[in-house]
Amino acid sequence: MGTDLVLRCRRALAALALATTGALWVPAPTPSMAAVHAPTGSSASAPSASASTLAGPLANAPAGAPAFDPAPARASLERLLSSRAAQFTLLAVERPASGDFFTVSGTPGAIRVQGTSPATLLRGVGWYLERIAGVDIGWPGDSLGRLPATLPAVTGTVTRSATVPHRYALNDTDEGYSGAYRDFASYRHQIDLMALHGVNEVFVPTGAEYPYYRALQQFGYSAAELREWIPGPAHQAWWLLQNVSGFAGPVSTRLIEARAALGRRIAGHLRSLGMTPVLPGFFGTVPPDFAARNPGAVTVPQGRWVGFDRPDWLDPTGPVFDRLAAAYYRAQQRQFGDSDMFKMDLLHEGGTPGPVDVPSAAGAVQRALETAHPGATWVMLGWQSNPTATLLSGVDRGRVLIVDGLSDRYDGLDRETQWGGTPYAFGSIPNFGGHTSLGANTGAWVSRFHAWLAKPNSALRGIAYLPEGTGGNPAAFGLFTELAWQPDPIDQKAWFAGYAARRYGGADPHAAAAWEQLRQGPYSARTGTWSEPQDSLFAARPSLTATKAARWSPSAMRYGAATVERALAELLQVAPELRTTDAYRFDLVDVARQALTNRSRVLLPRIRAAYEAKDPEGFRALVREWNADEELLGRLVGSDRRFLLGPWLADARSWGADPAERDRLEYDARSILTTWGDRVPSETGGLRDYANREWAGLVQDVYAPRWAAYFASLDTALVNGTDPVAIDWFASDDAWARGHRAYATAPVGDPVVLAGEVQAALAMPSNAERFGAPARTDS
């Protein structure tokens, strides 16, 4: 099963104070009732239910001892629901051998939720809100404003059990692509949302540079050298993956300490909810010249990763590795507390073992982890050929969990055979780089998960929600996390119908019709090649033959564009009383944005046809249409705070102690969205626009000016009968990435009005038709 329950129980004593003060605190267990709040007239008693100041189950506790303290769940609920939280009674129950479960019951205004951890209590509340109260708290968007003053009763008692023990979330890249400069309140809200949806294991890379910084000073490196080696926070994920080092640095001591303090609070909040903070493990990444400074050490150069020099790999079978690993884990544990799950991937994306025996190296890495954290689980990412059968042959597979990033991407997968029975989690990467594209392979989720779980000798032990950037596609997050809480396969059509009813806080035929179109279109993309939708041509490097913005994105539509246009038309007819919800306004902007973005794939081939036909009038008319669509797109996304660049940059600058540091951090945050790196990684390595997204600021100041300059060069070439002048796109993008223009941090405009403008623009006859080009055939 991967995680050892007894070990979890022993470690549960270190919890609540870590979330607030960072201090490890072991309170004295005191038996008491589990109800943190019992509304007047309700009963707070239940078999085996108790409240305590502990953060997790106590499997070996004496009879009558408290199971856990529901207070952290209560605090989360009060943040999420404000005054309505008082109508819930939260009751702690012991976790049985079969795993987590919750029950929900109650009368009007007195809802009783029992659960096996604070997070599971929140999952019970989340189920109640969705299925009984009929509202949604999504990631992002909610309809909580539609909750009645008195919460409705539950018929009977509802019980739901987790079908798998591991409900894992967050890709290695999430912090970089979702915002490396957020504050604790943002992370805490994210964790509360994940708990509400049943997640119990979360990757925590924040402050991961700290144990390297502390440990390596004992192995011949100065603090200044290490600060030069550590990348800026937005790029640190790829340093932890042993792909890059030093970029967007140097980092300051103050920044390292501040991020470590934030990581400590994040890990502490997870523990307080009975969730596992999955921490980065140590597998041998070292700075240059490590062997020269440490006699007996053997390092293997790792070459280059898409143009970046990779850090060296310290041979785990050599005499120095154990000492450095021990120093790393000591520093990590002192700062972040304990865990029993550690994420690391050897030889990621082209790493080379050199003369090192891979099975022996993997075994040594696991032994070092076991020495520091007895019984801990090594979490590996299932990606490309990782982990190989060779690597797995050297480890105790019972202490490994593979979070599979490709479960819904390719066909014909047999993970039991490929990974030799190693426990794994069914996972998806429905988004790369934090693209704003709408959709996912949800049909594969509902058809494969339970089928794989029911296979003879199945090694499936969990789910893993692994978008490279979170904060979009709330329907995907809601459906995927529900896989782990449904005993039978989910009916995809019925699920989307139910989602439409609660998403805006009330049943509406137009909302139902809109989400049925989205289900049939972007949320039913086929498997075999891709797990994410196509990205935006508005964000692409200008070319008449452009088919994608990011190098590794799909080059064509993965569904019928007309489904999104029909969904937009339906959303605009939703009842006025439902339009006030945050969820509706976010979805309206998102769907209108996608409909307009899809139009770029119709326009560009027509612009090309007019140019190649040497038709200046038709070319200019189509370019005007393109420019008008892009201008409208900029105004549309500027009407919702989730699509604003301004907060992203303001957050980065807020972490700087002086102007120079603020400028460095802003470049870190700007470059990850555009150039990604210097010229060679960006252009030759293909990283440019990897994290493209349609945000206000990027649309107006990066994407639109690029296309305007390109079309102007083509126009001049048409007039003069010459070839277009070449443009150094990296130079202009890099200049923007190093700039300091401030952008709006508050939305402007009415999403309903702007979405109506999009619908009108899409309904107008195309200039292509006016000038003799073929009529639209995509609808």
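Visitor: How much of the protein chain counts as buried?
Guide: Of its 779 residues, 63% count as buried. Keep in mind that this is a predicted model.

Visitor: Okay, and how many helices and strands are there in the chain?
Guide: The protein chain has 29 helices and 17 strands. As for contacts between residues at least 6 apart in sequence, 74% of them join residues at least 24 apart.

Visitor: Can we pick one helix? How many residues of helix H17 are buried?
Guide: Nine of the nine residues of H17 (residues 474-482) are buried, so that helix is largely enclosed by the rest of the structure. Among them are Phe-477, Leu-479, Phe-480 and also Glu-482.

Visitor: Phe-477 and Phe-480 have rings. Which aromatic cluster are they in?
Guide: They belong to one aromatic cluster with Trp-139, Trp-419, Tyr-424, Phe-426, Trp-445, Phe-449, Trp-452 and Tyr-465.

Visitor: And how many aromatic pairs does the model have?
Guide: The count comes to 51 aromatic pairs. Take Phe-496 and Trp-515: their ring centres are 6.3 Å apart and their planes are at 25 degrees, so this pair is stacked. Planes under 30 degrees apart count as stacked.

Visitor: Where in the chain are Phe-496 and Trp-515?
Guide: Phe-496 is in helix H18 (residues 492-503) and Trp-515 is in helix H19 (residues 509-520). They are 19 residues apart, and the pair links distant parts of the chain.

Visitor: Are those two buried or exposed?
Guide: Both Phe-496 and Trp-515 are buried.

Visitor: What about charges? Which ring does the charged end of Arg-502 sit over?
Guide: The ring of Trp-495, with the charged end of Arg-502 lying 5.3 Å from the ring centre. Arg-738 has a similar story: its charged end sits over the ring of Tyr-667, 4.3 Å from the centre.

Visitor: Back to helices. At what angle do the axes of H7 and H10 cross?
Guide: Roughly 125 degrees, and the axes of H7 (residues 209-216) and H10 (residues 253-272) come within 9 Å. That crossing makes H7 oblique to H10.

Visitor: Which residues make that contact?
Guide: H7 brings Glu-209, Tyr-210, Tyr-213 and Arg-214, while H10 brings Thr-253, Ile-256, Glu-257, Arg-259 and Ala-260. Sorted by class, the contact has four nonpolar, one polar and four charged residues.

Visitor: New topic: which residues does a cis peptide bond join?
Guide: One cis bond joins Trp-139 and Pro-140, with omega about 10 degrees. Trp-139 is also one of the aromatic cluster from before. Pro-140 is in the loop between helix H4 (118-131) and strand E4 (158-161). Another cis bond runs from Gly-249 to Pro-250, with omega near 0 degrees, and Pro-250 is in the loop between helix H9 (236-240) and H10.

Visitor: What's the phi of Asp-289 like?
Guide: It's positive, about 70 degrees, although Asp-289 is not a glycine. Asp-289 is in the loop between strand E8 (285-286) and helix H11 (290-293), and at 49% relative accessibility it counts as partly exposed. Val-306 has a positive phi too, of about 35 degrees, and is partly exposed at 26%.

Visitor: Last one: where is Ala-364?
Guide: Ala-364 is in helix H13 (residues 358-372), buried with a relative accessible area of 4%. Leaving aside neighbours within four places in sequence, Ala-364 is in contact with Pro-316, Thr-317 and Phe-321. Ala-364 and Gly-394 are 30 residues apart in sequence, and 8.6 Å apart in space, C-alpha to C-alpha.

Terms used
Residues numbered from 1 in each chain as written. Predicted model: local features only at pLDDT ≥ 70, side-chain atom pairs only at ≥ 80, totals over all residues. Heavy atoms only, no water. Phe/Tyr/Trp six-rings, centres within 6.5 Å; stacked < 30°, edge-to-face > 60°. Helix = DSSP H or I, 4+ residues; strand = E, 2+ residues; numbered from the N terminus. Buried < 20%, exposed > 50% of the residue type's maximum accessible area, 1.4 Å probe, protein only. Lys NZ or Arg CZ within 6 Å of the ring centre and 35° of its normal. Axes fitted to C-alpha atoms, helices over the stretch in contact; angles between N-to-C directions. Parallel < 35°, antiparallel > 145°, perpendicular 65-115°, else oblique. Contact = heavy atoms within 4.5 Å. Nonpolar A, V, L, I, M, F, W, Y, C, P; charged D, E, K, R; others polar.
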